[in-house]
Amino acid sequence: MIVQLISLLAVNVIAFTQIFPYLKLRPISFGLPILASVNSHFTAVYSSLDLIQVELSQPEFPWIVLGSVLLIGAVAGRAFCGWVCPVGFIQDTITNLKGRLDFVTPRTHKSARKLKYLFLLGTLTISGTLGLALYLGIGADYKAALGVAASGPFIPISPDGTLFGVVPTLLGMARENFAAFLARPPTIQDVWAQLIRVPTLLALRILILVGFFAAAWKVPRFWCRYACPTGAMMAVFQKYSLAGMKRDPVKCTKCPHCEVKCPMQINILDLPWEKFNDPECILCMECVDACPHGSLSPKFP
Ligand code: SF4
Ligand code: SF4
C-alpha cells in the first residue's frame with residue numbers, strides 16, 4: 001500500500017501546484033499502462049491507452065506508446081496494475097476499509113472478466129477505423145458523427161477522468177457559488193430545474209463513477225477484473241511476460257490461504273507451480289504475504 005500511495009502522489013504530482021503555486025510542474029506526454037486520464041487536472045503522465053486513442057484521432061500512428069507498452073508488458077506484465085495505477089490503489093483502499101474480500105461465483109467471474117476485452121476491442125476498433133479513415137482523407141463525417149468520442153471513445157466515460165477531472169471542476173464551481181447559495185438557498189423547484197439541465201454525458205459519467213465505487217465495495221478490484229481496457233491490454237502481455245509467480249510444491253500444503261487473499265480471485269493451486277503467468281495476475285504479492293509456509297515467490301524470468 002505504501003508503494004501504491006507513493007505512486008498515486010507521483011502520478012498526480014501536478015496537484016501540488018494548487019498548494020504551492022510557485023512550483024512549475026507540467027504533465028509530460030509519456031504513457032504508462034495505468035489509468036491516468038488526459039482529462040485529469042493533476043496527472044503528470046498519461047494512460048497509454050488514452051494516448052493511443054488521442055493519437056489515432058489526429059491521425060498519427062502511436063509508435064512510441066505502442067513500443068513502450070510492448071516493452072513494459074514483456075518485462076513487467078501487469079505489475080503496473082498491482083503497484084502504480086491510482087485506480088487500483090483506490091479500489092484496494094476501499095477493500096481494506098471494508099475489511100474482507102468477497103468472492104464472485106466462479107461461473108459469473110469467468111464470464112464477466114471477458115467484458116474488459118470487449119471494451120478494449122470496441123475502443124481500438126473505433127479509434128483504429130477513425131484513424132485510418134482520416135489518414136485516407138475520408139473520415140471527416142465519421143469524426144463528426146462520433147462527437148465527443150472522436151478523440152477517444154473510452155476517455156469520456158473512464159472513471160478516473162471523472163474523478164480527477166470533472167469532480168474537481170464541479171467542486172470549484174460549487175465553491176465559487178457557495179456565498180450566493182448561502183444568501184439565497186435554492187428551493188426544490190430551483191434544484192429540479194438545475195438537475196434537468198445536466199447534460200446527458202455528465203450524468204452518465206457521474207453514474208459510472210458512483211457505480212465504480214459501489215462495485216469496488218462489493219467486489220475487490222471489480223474495475224480491474226471486469227471493465228478496464230488498459231488491464232485487458234496488459235493481461236495479453238502478462239501471459240508471456242518475463243515477470244511471473246512460482247509455488248514451491250514441497251512447502252505448499254494447499255491450505256489455501258493464498259487463493260483466499262488474491263484480489264483477482266485466481267485459482268493459484270490449479271496453475272503450474274514452476275511458473276504461472278495468469279492474465280489476471282497483477283503481481284501484487286498478496287498471495288506471497290498470505291502463505292504461512294513461504295511457498296510462493298515472484299519468478300523472473
Ligand atoms: S486494470 Fe486498469 S484500473 Fe486496474 S490497476 Fe490496471 S490499469 Fe488500473
Ligand atoms: S496470484 Fe498473487 S500476485 Fe497474482 S494477483 Fe493473485 S495475489 Fe496478486
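**Entry 1: two cis bonds**

I opened my notes at Pro301, which sits in the segment after strand 4 (296–299). Before going on, I wrote down that this is a predicted model. The peptide bond from Phe300 to Pro301 is cis, and I noted omega near 0°. I then looked up another proline, Pro59, in the loop between helix 3 and helix 4. Gln58 and Pro59 are also joined by a cis peptide bond, with omega at about -5°. A reminder for myself: most peptide bonds are trans, and most residues other than glycine have a negative phi.

**Entry 2: positive phi values**

With that reminder in mind, I turned to phi. Leu283 is not a glycine, yet its phi is positive, near 55°. I found Leu283 in the loop between helix 16 (257–261) and helix 17 (286–290). Is Leu283 buried or exposed? Leu283 has a relative accessible area of 5%, so I put it down as buried.

Met285 also lies in the loop between helix 16 and helix 17. Its phi is near 75°, again a positive value in a residue other than glycine. Met285 has 18% relative accessibility, and I checked this against the cut-off: buried means under 20%, so Met285 counts as buried.

**Entry 3: around the ligands**

Leu283 and Met285 came up again when I looked at ligand 2, as both are among the residues surrounding it. The others in that list include Cys262, Cys281, Cys284 and Cys287, along with Ile266, Ile268 and Ile282. Sorted by class, the shell of ligand 2 holds 11 nonpolar residues, 1 charged residue and no polar ones.

Next I went to ligand 1. Which residues are around ligand 1? I listed Ile34, Leu35, Arg78, Cys81, Cys85, Val87, Arg221, Trp223, Cys224, Cys228, Thr230 and Gly231. Helix 14 and helix 15 are the elements that each give two or more residues to this shell. By class, I have 8 nonpolar, 2 polar and 2 charged residues around ligand 1.

**Entry 4: helix 15**

Helix 15 made me curious, so to speak, and I gave it a page. Helix 15 covers residues 229–238, and 8 of its 10 residues are buried, so the rest of the structure largely encloses it. I copied out the buried ones: Pro229, Thr230, Gly231, Ala232, Met233, Met234, Ala235 and Gln238. Two of these, Thr230 and Gly231, were already in my notes as residues around ligand 1.

What do the buried residues of helix 15 pack against? I found strand 2 (46–47), helix 3 (48–56), helix 4 (63–76), helix 5 (79–83), helix 8 (115–135) and helix 14 (222–227).

I picked helix 3 for a closer look. Two packed helices are described by the angle between their axes and the distance between the axes. For helix 3 and helix 15, the angle is about 100° and the axes are 9 Å apart. Angles of 65 to 115 degrees count as roughly perpendicular, so helix 3 is roughly perpendicular to helix 15. In this contact, Ser48, Leu49 and Ile52 of helix 3 meet Pro229, Thr230 and Met233 of helix 15. I sorted the contact residues into 4 nonpolar, 2 polar and no charged.

**Entry 5: aromatic rings**

How many aromatic pairs are there? The count comes to 7. I took the pair of Phe20 and Tyr22 to begin with: the ring centres are 6.1 Å apart and the planes are at 50°, so this pair is tilted. Phe20 is partly exposed at 33% relative accessible area, while Tyr22 is exposed at 62%.

I then looked at Phe119 and Phe154, an aromatic pair that is tilted, with 5.9 Å from centre to centre and 45° between the planes. This pair links distant parts of the chain, as the two residues are 35 residues apart. Phe119 belongs to helix 8, and Phe154 to the loop between helix 9 (140–146) and helix 10 (159–176). Phe119 is partly exposed, with a relative accessible area of 33%, whereas Phe154 is buried at 9%. Both are part of one aromatic cluster, together with Phe212, Phe213 and Trp223. I recognised Trp223 from my list around ligand 1.

**Entry 6: one last distance**

I went back to Phe20, which I placed in the loop between helix 2 (16–19) and strand 1 (31–32). How far is the C-alpha atom of Phe20 from that of Ile266? I wrote down 43 Å, for two residues that are 246 residues apart along the chain. Ile266 closes the circle with my notes on ligand 2, since it is one of the residues surrounding that ligand.

Terms used. Residues are numbered from 1 along each chain as its sequence is written. Chains are lettered from A and ligands numbered from 1 in the order in which they are written. This is a predicted model: local features need pLDDT of at least 70, side-chain atom pairs count only at pLDDT 80 or more; totals for chains, interfaces and linings use all residues. Side-chain values use heavy atoms; hydrogens and water are left out. Buried means under 20% relative accessible area, exposed over 50%, partly exposed in between (1.4 Å probe, protein chains only). Helices (H or I, at least four residues) and strands (E, at least two) are DSSP runs, numbered from the N terminus. Contact means heavy atoms within 4.5 Å. Rings of Phe, Tyr and Trp (its six-membered ring) pair if their centres lie within 6.5 Å; planes under 30 degrees apart count as stacked, over 60 as edge-to-face and the rest as tilted. A residue is near a molecule or strand if one of its heavy atoms lies within 4 Å of it. Ala, Val, Leu, Ile, Met, Phe, Trp, Tyr, Cys and Pro count as nonpolar, Asp, Glu, Lys and Arg as charged, and the others, Gly among them, as polar. Axes are lines fitted to C-alpha atoms, for helices over the stretch in contact, and angles run from 0 to 180 degrees between N-to-C directions. Angles under 35 degrees count as roughly parallel, over 145 as roughly antiparallel, 65 to 115 as roughly perpendicular and the rest as oblique.
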